Amino acid sequence: MAELGFDGQVAIVTGAGGGLGKEHALLLAARGARVVVNDIGGSVHGEGSDLGPAETVAAQIRDAGGEAVADGHSVATPEGGEAIVDTALGAFGRVDIVVNNAGILRDKAFHNLTPELLDPVIDVHLKGAFHVTRPAWVKMREQGYGRVVNTSSNSGILGNFGQSNYGAAKMGLVGFTRVLAAEGARYNIKVNAIAPLARTRMTEELLGAAADKLDPALVSPVVAYLAHESVPVSGEVYTVGGGRVARFFIGMTRGFTSPALRVEDVRDHFSEIRDETGYSVPAGPGDELKALLDALGGTGE
Ligand SMILES: NC(=O)c1ccc[n+]([C@@H]2O[C@H](COP(=O)([O-])OP(=O)(O)OC[C@H]3O[C@@H](n4cnc5c(N)ncnc54)[C@H](O)[C@@H]3O)[C@@H](O)[C@H]2O)c1
C-alpha cells in the first residue's frame with residue numbers, strides 16, 4: 001500500500017515550537033504538507049513569549065526540504081486565532097488541516113483554584129481551539145474539505161487530581177470535537193481528538209520511569225492519520241502513547257426503566273443501572289433518544 005501523503009495541503013499546528021506539536025509539524029511536513037508552525041514560545045505555565053522556538057522548527061523543516069512558516073500569535077484570543085489562519089492563507093493560500101495542540105498547565109487542588117489559575121488554562125486549551133478553528137472552518141466549508149485534530153487528555157476524560165481547570169478544558173474539547181464532527185459531516189470536514197501520553201517539558205516531572213518509553217514522536221503518526229484525507233472516522237477520541245493507540249468512547253449501559261420511578265427504585269436497581277453488560281455506544285443524541293424510547297415501550301421505531 002502507498003504511503004500516506006499530504007501533497008498540496010496546508011496544515012496549521014499550534015504549540016509546535018516544542019514537545020508534541022513539533023513532532024506533529026515535522027511529520028506532516030515530511031509527508032508533503034506545507035506547515036504553519038505556531039507557538040507563542042512561553043513557559044509551561046503560560047508566561048512570556050518568544051518567536052524563537054517556532055522559527056527553529058520552521059527552519060528545521062525547510063532545511064530538510066519541506067515548506068514551513070513560523071507564527072508567534074497566541075491561540076488564546078479571537079484576534080490571535082484569526083492571525084494564525086491569516087498566516088496560512090498569506091503564505092500558502094489555503095488551509096486544510098488544523099491541529100489544536102497548544103497548551104499550558106496551572107495545576108492546583110480545587111479548593112485553592114483562583115481565577116488566575118483557571119482563566120488562562122480555559123483560554124488556551126478550550127477557547128484557543130475555538131479561536132483557531134473557526135476562521136479555518138469558514139474556509140473548510142467553502143472548499144468542502146477539512147481535517148481538525150484536537151488534543152484532549154486523560155486528565156479530563158478520566159479525572160486527575162489537581163487539574164480541574166485543565167481537565168475541564170480537555171473534556172470540553174471532547175464535546176467540541178463531537179459537535180464539530182456533526183456540523184462538518186456534510187462538508188467533508190472530519191474532526192477527531194487524541195489523548196496523548198508523552199515525555200515533554202509538560203510531563204517530565206509527572207511520568208517518572210515511564211518517561212523513557214514515551215517518545216513524543218510516537219504520538220504524531222496518529223495525528224497524521226486523523227489529519228489525512230483517508231481517515232474513516234469523525235468525532236472520535238484516541239489515546240496514544242509510546243506507540244500504542246486505542247480508542248476512548250462514551251458508552252451507555254442498558255439501564256433500568258420504570259414509568260413510575262421512585263428514589264427507592266434507583267437505590268434498589270443501582271447495580272443494574274451501572275451494569276456494563278450489553279452497553280451501547282450512541283453515535284449521537286438521536287441514538288440515545290431511540291434507546292430511551294425503546295426502553296419506554298417500543299415507541300422508538
Ligand atoms: N505530554 C503529555 O503527556 C500530554 C498529555 C495529555 C495532553 N497533552 C497535551 O498535548 C499538548 C502539547 O503539550 P506538550 O506535552 O507537547 O507540552 P509543551 O509545553 O512542550 O507544548 C505546548 C506548547 O504550546 C505552546 N503554547 C502555550 N500557550 C500558547 C498560546 N497561547 N498560543 C500558542 N502556543 C502556545 C507552548 O509554548 C508550547 O510550545 C497540550 O495541549 C497538552 O495539554 C500532553
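Here a colleague and a modeller talk through a predicted model.

Colleague: What makes Pro53 count as buried in helix α2?

Modeller: A residue is called buried if 20 or more other C-beta atoms lie within 10 Å of its own. Pro53 is listed as buried, along with Ala54, Val57, Ala58 and Ile61 of α2.

Colleague: How do you know which side of α2 they are on?

Modeller: Look at the arc: the buried residues cover only 130° around the axis, which puts them on the same side of α2. In general, an α-helix has 3.6 residues a turn, so residues three or four places apart point the same way.

Colleague: And what covers the buried residues of α2?

Modeller: The cover includes α1, β2 (34–38) and β3 (67–71).

Colleague: How do you know how the span of α2 compares with the expected one?

Modeller: Helix α2 runs over residues 52–63, twelve in number. The expected span is 1.5 Å times one less than the number of residues. For α2 that is 16 Å, and the helix reaches 16 Å from its first C-alpha to its last, so the two are close. Just after α2, Gly65 takes a positive phi of about 95°.

Colleague: Now the ligand: which residues around it are the closest?

Modeller: They are Gly15, Gly19, Ala102, Gly103 and Thr200, out of 32 residues that surround the ligand. Helix α1 gives the most to this shell, with three residues.

Colleague: What classes of residue make up the shell?

Modeller: There are twelve nonpolar, 18 polar and two charged residues. Gly counts as polar, so Gly15, Gly19 and Gly103 of the shell go into the polar class.

Key: Residues numbered from 1 in each chain as written. Predicted model: local features only at pLDDT ≥ 70, side-chain atom pairs only at ≥ 80, totals over all residues. Near = placed C-beta within 6 Å. Helix = DSSP H or I, 4+ residues; strand = E, 2+ residues; numbered from the N terminus. Buried ≥ 20, exposed ≤ 12 C-beta atoms within 10 Å, placed from the backbone. Arc of directions from axis to C-beta. Contact = placed C-beta atoms within 7 Å.
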